[in-house]
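Trainee: I should like to take a close look at a single part of this structure. Could you please guide me through the charged side chains and their partners?

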Amino acid sequence: MSPRTTGTSSGQAPGRVGGKRQRTPPPPLDSAALDALALTYVARFATSSGRLADYLRRKLRERGWAEGSPPDVAAVVARMAERRYVDDAAYAAAKGDGLRRRGYGARRIDETLNHDGIAEPLRAAARGSETERRHAVLAFARRKRFWPYSAERCLDPAMRRKHLAAYLRAGHGLDHVRRVMDARDLSDLEEWADEYAEDALE
């Protein structure tokens, strides 16, 4: 008596190809599912309106749309903002602070926030004050162990050009970079960095 077989004629279980189980593709999105995706995303990530909109549009491209009228991504994002699940001002301020602490300059902050869909007035505020920008360039020098955080000043022209290029890629202004590279010592730079700090308290 021949052995009993089930499934396809090849002996594989249904839903398998080449011995691997195939995943059932998710159904197309509808309004409720789009809202649910947005809520899940903002619950997991600190995000901006622009980033949330990009995420929802990507999911629509991947899964398609089940309803007759076009999906209104802007309305979904607006609802998240009304509920304060998305706050572009708070996002921009936090992102700017975080990038400055890591040693990035105003131009890099602006480029990052522009990519995240943040409007210009909020980007301008997030670029920081003069004092904050000066401390950011010092943070970059400290992280990279450039002068004055190195054992001695870099005098080799080729190496100085590399340091200059690194500062500029990080988004710092040329005037700040030259001030740091040509500083007498660390105490000189710390005094320079806090030159306007008292003005901000007035």
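Mentor: The following account begins with one residue and then turns to the salt bridges. Please keep in mind that the model is predicted.

E130 belongs to helix 7, which covers residues 130-144. With a relative accessible area of 25%, E130 is partly exposed. Leaving aside residues up to four places away in sequence, E130 touches H176 and Y196. The side chains of E130 and H176 are joined by a polar contact of 2.8 Å. E130 also lies 8.8 Å from A197, C-alpha to C-alpha, although 67 residues separate the two in sequence.

Let us now consider the salt bridges, of which the structure holds 17. One of them pairs D35 with R79, whose closest N and O atoms are 2.9 Å apart. D35 lies in helix 1 and R79 in helix 3, so this pair ties together parts that are 44 residues apart in sequence. D35 is partly exposed, at 22% relative accessible area, and R79 is partly exposed as well, at 30%.

A salt bridge of 3.0 Å, N to O, brings together the side chains of D110 and R123. Because D110 is in helix 5 and R123 in helix 6, the pair ties together parts that are 13 residues apart in sequence. Both of these residues, D110 and R123, are buried. They also take part in a network of salt bridges that links D110, E120, R123 and R127.

Finally, D182 forms a salt bridge with R160, with 3.1 Å between the closest N and O atoms. D182 sits in the loop between helix 9 and helix 10, while R160 is in helix 8, 22 residues apart. R160 is partly exposed, with a relative accessible area of 25%.

Terms used. Residues are numbered from 1 along each chain as its sequence is written. This is a predicted model: local features need pLDDT of at least 70, side-chain atom pairs count only at pLDDT 80 or more; totals for chains, interfaces and linings use all residues. Side-chain values use heavy atoms; hydrogens and water are left out. Helices (H or I, at least four residues) and strands (E, at least two) are DSSP runs, numbered from the N terminus. Buried means under 20% relative accessible area, exposed over 50%, partly exposed in between (1.4 Å probe, protein chains only). Contact means heavy atoms within 4.5 Å. A polar contact is a pair of N or O atoms within 3.5 Å; within protein, one must be able to donate a hydrogen and the other to accept it, and residues adjacent in sequence count only if both atoms are side-chain atoms. A salt bridge is a side-chain nitrogen of Lys or Arg within 4 Å of a carboxyl oxygen of Asp or Glu.
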